[in-house]
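Student: I would like to go through this model and ask what each descriptive term rests on.
Tutor: Then let us take the terms in turn and set each value against its cut-off.

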Amino acid sequence: MVKKEKITILVADDHAIVREGLIVLINAQKNLKVIGEAPDGISTIEQYRELKPDILLLDLAMPKMNGFTVIKEIKKRYPKSKIIILSMYSDEDSVENAFNNCVNGYLVKQSASSELIKAINTVANGELFLSKDLSNLDIKILKDKSLLCHQIDSKLSKREKQILKMIARGNTSKEIGGELFISWKTVEKHRRNIMKKLNIHNIAGLTRYSVDHNLIPIKELRA
């Protein structure tokens with residue numbers, strides 16, 4: 001019989017006592033293993049790059065680099081990464097912002113320990129998880145946002161996402177070609193493919209899509 005590998009977890013929280021408690025709880029499960037811990041945002045990214053865990057368990061209120069920035073950096077470098085937020089913040093803006101940035105699960109710190117274990121196993125199986133303590137929020141809308149967020153990674157190639165960002169910033173095909181050292185005709189071909197894949201057939205729609213999916217911030221749009 002082939003022995004099933006354990007799900008590996010990186011625990012990131014700025015409070016040592018919280019990390020220690022989480023590590024004991026997680027390692028007590030037969031199918032889970034904590035392979036690293038991080039006390040701040042910068043070390044979280046460094047640890048993730050080095051260890052490549054199956055799941056990152058992340059607090060949002062982190063020193064040196066806040067949780068939202070960590071999410072963006074890791075998702076940019078590792079689009080298929082799985083991140084579960086464990087935070088004291090239960091307000092709608094924090095939860096929605098997290099799902100807009102492609103997290104895979106969200107729990108509040110007052111959640112029962114059994115719910116954390118359930119969240120880890122659920123996310124490891126490729127599903128999204130939202131804490132039952134957040135029942136006042138529209139779960140379907142939040143999950144739809146996250147699903148759309150993940151779909152862009154499966155639909156578009158790395159080059160297509162790069163060009164989509166530049167289109168949304170207002171760059172012409174000639175400008176994009178010059179910056180990427182490819183012909184404008186090649187850019188036009190990528191543009192057609194992007195529109196076909198996303199079923200969006202105008203620049204305004206592509207721009208709106210890019211902002212909605214956090215590919216570029218609104219401040220980067222040309223006036």
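**Terms and the values behind them**

Tutor: Strands β1 and β3 run parallel and are joined by 4 bridges. Within that pair, Val11 is opposite Leu57 in β3. Keep in mind that this is a predicted model.

Student: How do you know that β3 and β4 count as paired?
Tutor: Two strands pair if there are at least two bridges between them. β3 (residues 55-58) and β4 have 3 bridges, in the parallel sense, so the condition of at least two is met. Leu56 has Ile83 as its bridge partner in β4, and Leu58 stands opposite Ile85 in β4.

Student: What makes β5 and β6 a pair?
Tutor: The cut-off is at least two bridges, and β5 (residues 105-108) is joined to β6 by 2 bridges, the two strands running parallel. Therefore they pair, since at least two is what the definition asks for. One bridge partner is Phe129 in β6, for Gly105.

Student: What is the strand order in the sheet?
Tutor: The sheet is open, has 6 strands with parallel pairing, and follows the order β2-β1-β3-β4-β5-β6.

Student: Why are β2 and β6 called edge strands?
Tutor: Each of them, β2 (32-38) and β6 (129-130), pairs on one side only. The chain as a whole has 10 helices and 6 strands.

Student: What makes β4 largely enclosed?
Tutor: Buried means under 20% relative accessible area. In β4 (residues 83-87), 5 of the 5 residues are buried, so the strand is largely enclosed by the rest of the structure. Both faces are covered: Ile83, Ile85 and Ser87 are buried on one side, and Ile84 and Leu86 are buried on the other.

Student: Why do the residues of a strand split into two sides like that?
Tutor: Because side chains in a regular strand alternate between the two faces of the sheet. β3 can be read in the same terms: Ile55 and Leu57 point one way, Leu56 and Leu58 point the other way, and all are buried.

Student: Why is Ile200 called buried?
Tutor: Its relative accessible area is 16%, and the limit for buried is under 20%. Ile200 is therefore buried. Ile200 sits in the loop between α9 (184-198) and α10 (203-212). Setting aside neighbours within four places in sequence, Ile200 contacts Met195, Gly205, Leu206 and Tyr209. Over the chain of 223 residues, buried residues make up 46%.

Student: Now the helices. Why is α1 called roughly perpendicular to α5?
Tutor: α1 (residues 16-27) and α5 (residues 113-124) pack at about 65°, with axes 11 Å apart. The range for roughly perpendicular is 65 to 115 degrees, so α1 is roughly perpendicular to α5. The crossing is right-handed. On the α1 side the contact is made by Leu22, Leu25 and Ile26, and on the α5 side by Ser113, Leu116, Ile117 and Ile120. These residues comprise 6 nonpolar, 1 polar and no charged.

Student: Where does α1 lie relative to the sheet?
Tutor: α1 lies across β1 (7-12), β2, β3 and β4, at about 165° to β2. Angles over 145 degrees count as roughly antiparallel.

Student: How do you know that α2 is roughly parallel to α3?
Tutor: The angle between α2 (residues 41-51) and α3 (residues 67-77) is about 20°, and their axes are 10 Å apart. Since angles under 35 degrees count as roughly parallel, α2 is roughly parallel to α3. α2 passes α3 in a right-handed crossing. Gly41, Thr44, Ile45, Tyr48 and Arg49 of α2 make the contact with Val70, Glu73, Ile74 and Arg77 of α3. The classes here are 4 nonpolar, 2 polar and 3 charged.

Student: What makes α7 roughly perpendicular to α9?
Tutor: α7 (residues 158-168) packs against α9 at about 95°, with axes 10 Å apart. That angle belongs to the range of 65 to 115 degrees, so α7 is roughly perpendicular to α9. The contact includes Ile163, Leu164 and Ile167 of α7 and Val187, Ile194 and Leu198 of α9. By class it has 6 nonpolar, 2 polar and 4 charged residues.

How values were computed: Residues numbered from 1 in each chain as written. Predicted model: local features only at pLDDT ≥ 70, side-chain atom pairs only at ≥ 80, totals over all residues. Heavy atoms only, no water. Axes fitted to C-alpha atoms, helices over the stretch in contact; angles between N-to-C directions. Left-handed = near helix turned anticlockwise from the far one by under 90°. Contact = heavy atoms within 4.5 Å. Nonpolar A, V, L, I, M, F, W, Y, C, P; charged D, E, K, R; others polar. Buried < 20%, exposed > 50% of the residue type's maximum accessible area, 1.4 Å probe, protein only.
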